[in-house]
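Me: I am new to this structure. Please take me through the inside of it, and look closely at the enclosed space there. Start with one residue on the outside for contrast.

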Amino acid sequence: MTYDNQSNSAPLDDAEGERLMRRILWRVVPFIFICYVISYLDRTNVGFAAISMNKDLGLTATMFGWAAGLFFFGYFIFEIPSNLLMQRFGARIWIARIMITWGLISMATAFATGPISFSIARFLLGVAEAGFTPGVYLYFTYWFPGKWRAKATAAFLLGIPVANIVGSPLSGWLLEQHGVLGLQNWQLLLITEALPAVLLGIACLFLLVDTPLKARWLSDREKTWLNNRLSEEQKAIGASHGNTLRAALTNPKVFTLAAINFCCIVGSVGIGIWLPQIIKSLGISSGALGFVVALPYVVGAIAGSCKAVGHRVVIHQRDVRGVDEQRTGFRPCNLGNNDQITGMRRQQASPARTAQCRMPKGSQARNSPPPGTSAMACRPLCG
């Protein structure tokens with residue numbers, strides 16, 4: 001009984017920690033991923049709706065572009081306040097609020113009667129959705145240490161191509177439906193694709209957990225291990241990068257990353273809003289339009305997944321080499337300009353063994369062992 005109590009209170013080892021993080025990843029990320037798919041779909045589905053909506057509402061291409069862009073004015077203004085409120089009310093309640101309100105406003109957009117009402121609806125949609133994506137990033141810091149947070153973020157961002165792969169054919173099909181419930185095809189499109197946001201927002205109240213400490217499906221031992229890991233990481237980040245607003249605004253890397261993200265958003269959203277209208281102008285039917293628009297995102301999703309797999313292989317090989325170095329006390333040779341071979345860890349190799357296996361300078365260093373030393377003695381240095 002004493003042994004069991006000690007084992008239950010002992011911290012998790014590395015293998016147990018990996019299994020725990022894998023379980024948390026599959027518990028937390030899939031639902032957030034689905035929410036992001038719906039979020040991105042509701043941002044850009046006006047690109048499909050505009051094919052018939054612009055004529056009904058009297059929108060020119062310029063007017064539509066400005067009205068569609070008002071979404072991001074509202075998003076920008078209320079993004080930081082939204083994240084501050086999320087910290088106050090908790091992720092579960094605040095993400096649910098975001099999704100329910102943006103779903104309702106997105107459905108209300110279907111009843112716009114002209115340029116002004118459409119513009120107001122787009123601005124309010126940005127206000128309602130503000131803070132969702134950065135809020136999710138913040139939410140991930142409550143659950144995932146660095147390596148696993150990168151995996152969670154990568155899976156989350158895969159929602160952009162998936163939203164278009166799934167949503168584009170659906171939008172094309174909805175544009176072919178006329179007179180359903182007395183609605184125009186673009187009205188039916190906006191209402192149909194906004195309804196899941198409301199339903200998912202309600203589901204947030206039951207499925208999301210604010211922090212690991214509140215998760216009933218984690219043991220006390222698992223909660224303690226994860227909380228310690230996250231606390232240590234935050235202390236290290238604060239010590240090396242600072243944790244104040246001033247430190248962030250004076251760090252050039254912040255502006256570099258912001259510029260990169262700006263360019264990515266311009267390309268992503270610009271294509272999402274205008275590509276359906278451009279392709280439709282080529283004379284393609286609404287049914288085929290959705291599949292054609294989805295093609296670039298299919299290619300992007302495949303390419304991104306292949307790149308991620310390749311990166312994991314490289315990381316795995318590096319980890320394997322690191323384990324071998326720790327076990328054997330050797331690391332691969334580093335041939336400098338003078339062909340001098342260095343490779344034995346100073347911390348783990350004894351001075352006598354280091355002297356024994358150090359290769360002499362000169363051209364014979366690659367082929368000849370030191371006097372009195374067999375070739376097998378130094379082979380691990382170059383293995």
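**From the outside in**

Reply: L181 counts as exposed, because its relative accessibility is 77%. The model is a predicted one. L181 sits in the loop between α9 and α10 (185–207). Its backbone is worth a look too. Most residues other than glycine have a negative phi. The phi of L181 is positive, near 55°, and L181 is not a glycine.

Now go inside. The structure holds one cavity of 30 Å³ or more. Which residues lie closest to the centre of this largest cavity? They are T44, F48, N164, S168 and G272, out of 15 residues that line the cavity. The space in the largest cavity comes to about 80 Å³. Rolling a probe the size of a water molecule over the atoms shows where such empty space is left.

Which helices build the wall of the largest cavity? Four of them supply at least two lining residues each: α2, α9 (159–175), α13 (252–280) and α14 (286–328). Helix α9 gives the largest share, with five residues. What about the character of the wall? The lining has eight nonpolar and seven polar residues. Charged residues are absent from the lining of the largest cavity.

Helix α2 leads on to the packing. The largest nonpolar core has 74 residues. Within that core, F132, F140 and F144 touch the most other members. Helix α2, residues 14–44, gives the most to this core, with 13 residues. In soluble globular proteins, nonpolar side chains tend to be buried together.

Take F132 for a closer view. Leaving aside residues up to four places away in sequence, F132 touches C35, Y36, S39, Y75, I95, I98, M99, W102 and F156. C35 is thus one of the contacts of F132, and it brings up the cysteines.

How many disulfides does a search of the whole structure find? It finds zero. C204 is one cysteine outside any disulfide, and its nearest cysteine sulfur, that of C35, is 4.5 Å away. A disulfide needs the two sulfur atoms within 2.5 Å, so a pair at that distance does not count.

Is C204 buried or exposed? C204 counts as buried, because its relative accessibility is 0%. C306 is exposed instead, because its relative accessible area is 52%. The cut-off for exposed is over 50%. L181, where we began, is exposed as well, at 77%.

Technical notes. Residues numbered from 1 in each chain as written. Predicted model: local features only at pLDDT ≥ 70, side-chain atom pairs only at ≥ 80, totals over all residues. Heavy atoms only, no water. Core = buried A, V, L, I, M, F, W, Y, C linked by side-chain atoms within 4.5 Å. Buried < 20%, exposed > 50% of the residue type's maximum accessible area, 1.4 Å probe, protein only. Helix = DSSP H or I, 4+ residues; strand = E, 2+ residues; numbered from the N terminus. Contact = heavy atoms within 4.5 Å. 1 Å grid on protein atoms, 1.4 Å probe; cavity = no way out; pocket = protein on both sides within 12 Å on 5 of 7 lines; lining within 4 Å. Points joined across faces, edges and corners; volume = space filled by probe spheres on them. Nonpolar A, V, L, I, M, F, W, Y, C, P; charged D, E, K, R; others polar.
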